[in-house]
Amino acid sequence: MTTTDEFSEFDYPYPILLVCMKPGYTDEDGIRVPARIVSSTAVAGHLQDVSAREILRAPEGIYLPGDRRFYTSTPLAEDSLLKITESNGDVTSWTIVGCESAAHALFFPVRYTYLLRRQ
């Protein structure tokens, strides 16, 4: 995905998809209908691993080994699913745990920082 965002030169070079899911439910006959993908949208942003130092310094349970941060200009909802194509071609699934910050400057767009946890 190409953007005209001032931060686009830092964007992750492989595809990242925001997957919109329809939640599963139990119908009137008691049959479980599983969750299903409704749509996928490409999002751009910078991806970074949470460091071991941050894990050790933060209160217990805030960060777990393997967590990542995703910096983007796109507002995303907590518990959303991201499918990230890794550098080796594998596609991994990540859940947005929460928004850590929303920073902006006078002439720059809002830049959100999300905590991601692997599914």
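Reader: Looking at the side chains of Thr 92 and Glu 86, what kind of contact joins them?

Author: In this predicted model, the side chains of Thr 92 and Glu 86 are joined by a polar contact of 2.6 Å. Thr 92 has a polar contact with the side chain of Trp 94 as well, and that one comes to 2.7 Å.

Reader: Where does Thr 92 sit in the secondary structure, and is Thr 92 buried or exposed?

Author: Thr 92 belongs to strand β8, which covers residues 91-103. With a relative accessible area of 6%, Thr 92 is buried, because buried here means under 20%.

Reader: Which residues is Thr 92 in contact with, if I leave aside its neighbours within four places in sequence?

Author: On that basis Thr 92 is in contact with Leu 82, Lys 83, Ile 84, Glu 86 and Arg 118. Glu 86 thus appears both in this list and as a partner in the polar contact of 2.6 Å.

Reader: Let me move to strand β7, then; is Thr 85, which lies there, buried or exposed?

Author: Thr 85 lies in strand β7, and at 18% relative accessibility it counts as buried. Not counting residues up to four places away in sequence, Thr 85 touches Tyr 12, Tyr 14, Pro 15, Asp 90 and Val 91.

Reader: Stepping back a little, how many helices and strands does the protein chain have?

Author: The secondary structure of the protein chain comes to one helix and nine strands. Read from the N terminus, the order of the elements is β-β-β-β-β-α-β-β-β-β.

Reader: And what does the C-alpha trace span along its principal axes?

Author: The C-alpha trace of the protein chain spans about 55 × 35 × 35 Å along those axes. Of the 119 residues in the chain, 32% count as buried, and the area the chain exposes is about 7900 Å², with carbon and sulfur atoms supplying 56% of it.

Reader: What share of the contacts with a separation of 6 or more comes from residues 24 or more positions apart?

Author: Residues 24 or more positions apart account for 52% of those contacts in the protein chain.

Reader: How many positive and negative charges are there, and how far apart are their mean positions?

Author: The protein chain has 11 positive and 16 negative charges, and their mean positions are 3 Å apart.

Reader: Now the cysteines, since I would want to know about those at the bench: how many disulfides does the structure hold?

Author: The structure holds zero disulfides. Cys 20 is in none, and the nearest cysteine sulfur to its own, that of Cys 99, is 17 Å away. Cys 99 is likewise in no disulfide, with the sulfur of Cys 20 as the nearest cysteine sulfur, again at 17 Å. A disulfide needs the two sulfur atoms within 2.5 Å, so this pair does not qualify.

Reader: What is the relative accessibility of each of them?

Author: Cys 20 is partly exposed, with a relative accessible area of 33%, and Cys 99 also counts as partly exposed, at 46%.

Reader: Turning to the loops, what is worth noting about the phi of Asp 79?

Author: Phi of Asp 79 is near 75°, which is a positive value in a residue other than glycine. As background, most residues other than glycine have a negative phi. Asp 79 is found in the loop between β6 and β7, and at 61% relative accessibility it counts as exposed.

Reader: Where is Pro 65, and how far is it from Arg 117 in space?

Author: Pro 65 lies in the loop between α1 and β6, where it is exposed, with a relative accessible area of 70%. Although Pro 65 and Arg 117 are 52 residues apart in sequence, their C-alpha atoms are 9.3 Å apart in space.

Reader: And Arg 53, how far is that from Val 38?

Author: Arg 53 and Val 38 are 15 residues apart in sequence and 38 Å apart in space, C-alpha to C-alpha. Arg 53 itself has its place in helix α1 and is exposed, with a relative accessible area of 58%.

Reader: One last spot: which residues does Ala 35 touch, not counting residues up to four places away in sequence?

Author: Ala 35 touches Met 21, Lys 22, Pro 23 and Gly 24. The C-alpha atoms of Ala 35 and Gly 24 are separated by 3.8 Å, with the two residues eleven apart along the chain. Ala 35 is placed in the loop between β3 and β4, and at 42% relative accessibility it counts as partly exposed.

Key: Residues are numbered from 1 along each chain as its sequence is written. This is a predicted model: local features need pLDDT of at least 70, side-chain atom pairs count only at pLDDT 80 or more; totals for chains, interfaces and linings use all residues. Side-chain values use heavy atoms; hydrogens and water are left out. Buried means under 20% relative accessible area, exposed over 50%, partly exposed in between (1.4 Å probe, protein chains only). Helices (H or I, at least four residues) and strands (E, at least two) are DSSP runs, numbered from the N terminus. Contact means heavy atoms within 4.5 Å. Accessible areas come from the Shrake-Rupley method with a 1.4 Å probe; for residues, only the protein chains shown count as cover. Lys and Arg count as positive and Asp and Glu as negative; His and the chain ends are not counted. The place of a charge is taken as NZ of Lys, CZ of Arg, CG of Asp or CD of Glu. A polar contact is a pair of N or O atoms within 3.5 Å; within protein, one must be able to donate a hydrogen and the other to accept it, and residues adjacent in sequence count only if both atoms are side-chain atoms.
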